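Biologist: Could you take a close look at one part of this model for me? I would like to see how a few neighbouring helices are put together, piece by piece.

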Amino acid sequence: MADLDDIKEGKDFGLDNPARNEPFFLKGSNALDWGMQNRLARIFNPESGRTVMLAFDHGYFQGPTTGIERMDLAIPPLIPHADVLMCTRGALRSCISPTANKPIVLRSSAGQSILSELSNELVAVDIEDAIRLNAAAITAQVYIGAEYEHKSIANVVKLIDTGSRYGIPTLAVTGVGADMVRDARYFGLATRIAAEIGAHYVKSYFIEEGFEKVVAGCPVPIVIAGGKKLPEGEALDMAYRAVDQGASGVDMGRNIFQSDCPVAMIQAVGAVVHRNVGTDKALQMYHDLKSDMGM
């Protein structure tokens, strides 16, 4: 303990400087506890308010995916340029060095495959294991309108309730079945439901018409899914238009690791998301970086 001798009375109380109570920078998160906000501030850059999440959790239902057949080879070069890694606990423990020091959004659902009904999932990670893995957030799908809609919502509710006990936020991912219409009405419904049940942020898809209304109607941040592989210019343009219309970042997988030059692509995406670099300049950045790497 401090030496009891020569204790000096405090003298600088800053009486002319009122105590500050700054609002938290992230939409819908001002009333959360300190630990929850701290984890979200690791996921979302406090300066830009946005994030570039690198998703490589595809194998949990579709097996070896093109571009990440060998995650131990494909993912490590991308890690320095991502804000967040989104993966399963199996991939994390087997392929990602603990020295990577990036926040982890942990895929916490499973129970189906591409050979069966995708909405028939279950919670596949106990909260204690998420804590052991130092997860910054946990995540599962919500399949609004699908056969197992109720079950998928219950899965996310369980993650929200258990995660909240330990200050771990939950990302709800809007899963879309083959027969569902991808429009503003559907995504407005799905993202609003996810937020209303308590998800701390939501992953959804960019749509050509009405995306800004989807974002406005969701009281928590939305990050967009990359979806299927697009030409690099189209993927960068999608990212630009999404953040321009209110998205808080991207969660891209195939549009990065299936690119001709994934390391260049993730840097170009980061420039769009965090610095509002336009599509043409971002695409030129991609080509310049690719050329510098001799590709």
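Modeller: Happy to; what follows is a walk around helix α9 and its partners, with a few other spots at the end. Please keep in mind that this is a predicted model.

Let's start with α9 itself, residues 232-244. With 13 residues at 1.5 Å a residue, α9 should span 18 Å, and its end C-alpha atoms are indeed 18 Å apart, so the two values agree. Which residues of α9 are buried? They are Glu232, Gly233, Ala235, Leu236, Met238, Ala239, Ala242 and Val243. Around these buried residues pack α8 (211-216), β9 (222-225), β10 (249-252), α10 (254-257), α11 and α12. Right after the helix comes Gly246, with a positive phi of about 115°.

Two of those neighbours, α11 and α12, deserve a closer look. Helix α11 covers residues 262-275. Its axis and that of α9 come within 9 Å and cross at roughly 25°. Angles under 35 degrees count as roughly parallel, and α9 and α11 are therefore roughly parallel to each other. Their crossing is right-handed. On the α9 side the contact is made by Glu232, Ala235, Leu236, Ala239, Tyr240 and Val243, and on the α11 side by Met265, Ala268, Val269, Val272 and Val273. Sorted by class, this contact of α9 with α11 has ten nonpolar residues, no polar ones and one charged residue. As background, an α-helix has 3.6 residues a turn, so residues three or four places apart point the same way.

Next comes α12, residues 279-292. Here α9 and α12 pack at an angle of about 135°, with their axes 9 Å apart. That makes α9 and α12 oblique to each other. Again α9 passes its partner, α12, in a right-handed crossing. From α9, Glu232, Gly233, Leu236, Asp237 and Tyr240 make the contact, meeting Thr279, Ala282, Leu283 and Tyr286 of α12. By class, the α9 contact with α12 holds five nonpolar, two polar and two charged residues. Glu232, Leu236 and Tyr240 of α9 are listed in the contact with α11 and also in the contact with α12.

How do α11 and α12 sit against each other? Their axes come within 8 Å and cross at roughly 150°. Angles over 145 degrees count as roughly antiparallel, and α11 and α12 are therefore roughly antiparallel to each other. The crossing of α11 and α12 is right-handed. The α11 residues in this contact are Ala264, Met265, Gln267, Ala268, Ala271, Val272 and Arg275, and those of α12 are Ala282, Met285, Tyr286, Leu289 and Lys290. Nine nonpolar, one polar and two charged residues make up this contact of α11 with α12.

The loop between α11 and α12 contains Asn276. Asn276 has a positive phi of about 60° although it is not a glycine. For context, most residues other than glycine have a negative phi. With a relative accessible area of 45%, Asn276 is partly exposed. Asn101 likewise has a positive phi, near 60°, in a residue other than glycine. Asn101 is found in the loop between α4 (89-95) and β3, and at 66% relative accessibility it counts as exposed.

Another helix to set beside α9 is α6, residues 149-165. Its 17 residues reach 25 Å from first C-alpha to last, close to the 24 Å expected at 1.5 Å a residue. Buried in α6 are Ser152, Ile153, Asn155, Val156, Leu159, Ile160, Thr162 and Gly163. The cover over the buried residues of α6 includes β5 (122-123), α5 (127-132), β6 (137-142), β7 (170-174) and α7 (184-196). After α6 comes Gly167, whose phi is positive, near 75°.

Leu159 of α6 brings us to Ser108, since Leu159 is one of the residues Ser108 touches, along with Leu122, Val123, Ala124, Val125, Ile138 and Thr139, leaving aside residues up to four places away in sequence. Ser108 lies in the loop between β3 (104-107) and β4 (109-110). Is Ser108 buried or exposed? Its relative accessible area is 1%, so Ser108 is buried.

Ser48 makes a contrasting last stop, in the loop between α1 (34-43) and β1 (51-55). At 23% relative accessibility, Ser48 counts as partly exposed. Its C-alpha atom is separated by 8.9 Å from that of Ser248, 200 residues apart along the chain.

Definitions and conventions:
Residues are numbered from 1 along each chain as its sequence is written. This is a predicted model: local features need pLDDT of at least 70, side-chain atom pairs count only at pLDDT 80 or more; totals for chains, interfaces and linings use all residues. Side-chain values use heavy atoms; hydrogens and water are left out. Axes are lines fitted to C-alpha atoms, for helices over the stretch in contact, and angles run from 0 to 180 degrees between N-to-C directions. Helices (H or I, at least four residues) and strands (E, at least two) are DSSP runs, numbered from the N terminus. Angles under 35 degrees count as roughly parallel, over 145 as roughly antiparallel, 65 to 115 as roughly perpendicular and the rest as oblique. A crossing is left-handed if the near helix is turned anticlockwise from the far one by less than a right angle, and right-handed if clockwise. Contact means heavy atoms within 4.5 Å. Ala, Val, Leu, Ile, Met, Phe, Trp, Tyr, Cys and Pro count as nonpolar, Asp, Glu, Lys and Arg as charged, and the others, Gly among them, as polar. Buried means under 20% relative accessible area, exposed over 50%, partly exposed in between (1.4 Å probe, protein chains only). The expected span of a helix is 1.5 Å times one less than its number of residues.
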